[in-house]
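I opened this notebook to keep track of charged side-chain contacts and open space in one structure. The entries follow the order in which I looked things up.

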Amino acid sequence: MEKFKEIVKDIIRIFVYILPVVAVFVFGYIVYLKITRNHIYDTQKDIAAFVRNVNTRYNTTIYKNFDTDFVSYSGYLPMDLKIKSTDHGNEIINRFGGKMVFKESPKTVEERKEFKYLSRERKMFAAHYNGLGAYTIMFTELKTQECVGLATTDWKKIVPNFMGLEASYVSKKHPFNGVENLNFQILEDNENETAEASRDEGVISRTPLVLYDALQACACRGDSCQVALKFK
């Protein structure tokens, strides 16, 4: 009986030591979730403002040299987003601490066909490439919860000219994940097309990902997740 009492006392003593640690962990995680939700909400506002500015101030619906460097000087983004100057041009820092990467993208099957054809030869591309009808915005260096939050957002409700998204993670085994599938497989006129094999294994969708699919797509280590959005 005495031995049993000692065992119970030991368990209680251990529990008393562990409880504060668990409480701190739970409290910290709740704070992290709240901060993440705020960053997701701010990002939604950022993208809505950016697309609105592009629609009203960009003088054409064909995007050429529509890259991160151009956007960093354009004034289309909210002023409080940080822009970092590097030897390779400017970097735009997203709300989560990673980068925002901008690039023009094919809007239709015909644009994709011509883009792939011109891309075979550098001189031909430089001479004949005239731009594309859509663009992508990729958020890099995301944690799983941040990736899931962006991937499950109803972007179409926020920005009517939203075309689709891609959620993925990068690793040594999957270095090409990110935006290739979104570029070439989500187009205005190819909804019934069978997807081609791709080195990119990211998950694409024209609608928000359900939670299960988002968790699968965003199963990354640390901050190696990313989400790309496409607009026309």
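Is E193 buried, partly exposed or exposed? I looked this up in what is a predicted model, and E193 counts as partly exposed, at 35% relative accessibility.

Entry on R112 and E193. I went from E193 to its partner and noted that the side chains of R112 and E193 meet in a salt bridge, with 2.6 Å from N to O. R112 belongs to helix α3 (residues 109–118), while E193 sits in the loop between α7 (180–185) and β6 (203–205), so the pair ties together parts that are 81 residues apart in sequence. I then checked the accessibility of the arginine and found that R112 counts as buried, because its relative accessibility of 9% falls under the 20% cut-off.

Entry on R95 and D80. I next looked up R95, which forms a salt bridge with D80, and recorded 3.0 Å between the closest N and O atoms. This pair links distant parts of the chain, with R95 in the loop between β2 (89–93) and β3 (99–105) and D80 in the loop between α2 (68–74) and β1 (83–86), 15 residues apart. For the acid I wrote down a relative accessibility of 52%, at which D80 counts as exposed, since the cut-off for that class is over 50%. I also noted that salt bridges with shared partners join D46, D80 and R95 into one network.

Entry on D42 and K45. I turned to a pair within one helix, since D42 and K45 both lie in helix α1 (residues 2–57), three residues apart, about one turn of the helix. Their side chains meet in a salt bridge, for which I noted 3.9 Å from N to O, a value that lies within the 4 Å cut-off. I looked up both accessibilities as well: D42 is partly exposed, with a relative accessible area of 23%, and K45 is partly exposed too, with 44%.

Entry on the total. How many salt bridges does the structure hold? I recorded nine salt bridges, among them the R112 and E193 pair.

Entry on open space. I finished with the largest pocket, in which about 170 Å³ of space lies. Its lining consists of K156, F162, M163, L187, E188, E191, R206, T207 and K232, and I sorted these residues by type as three nonpolar, one polar and five charged.

Key. Residues are numbered from 1 along each chain as its sequence is written. This is a predicted model: local features need pLDDT of at least 70, side-chain atom pairs count only at pLDDT 80 or more; totals for chains, interfaces and linings use all residues. Side-chain values use heavy atoms; hydrogens and water are left out. Helices (H or I, at least four residues) and strands (E, at least two) are DSSP runs, numbered from the N terminus. Buried means under 20% relative accessible area, exposed over 50%, partly exposed in between (1.4 Å probe, protein chains only). On a 1 Å grid over the protein atoms alone, a cavity is a set of points where a 1.4 Å probe fits but cannot get out, and a pocket is an open set with protein on both sides within 12 Å along at least five of seven lines; lining residues have an atom within 4 Å of a point. Grid points are joined across faces, edges and corners, and a volume is the space filled by probe spheres set on the points. Ala, Val, Leu, Ile, Met, Phe, Trp, Tyr, Cys and Pro count as nonpolar, Asp, Glu, Lys and Arg as charged, and the others, Gly among them, as polar.
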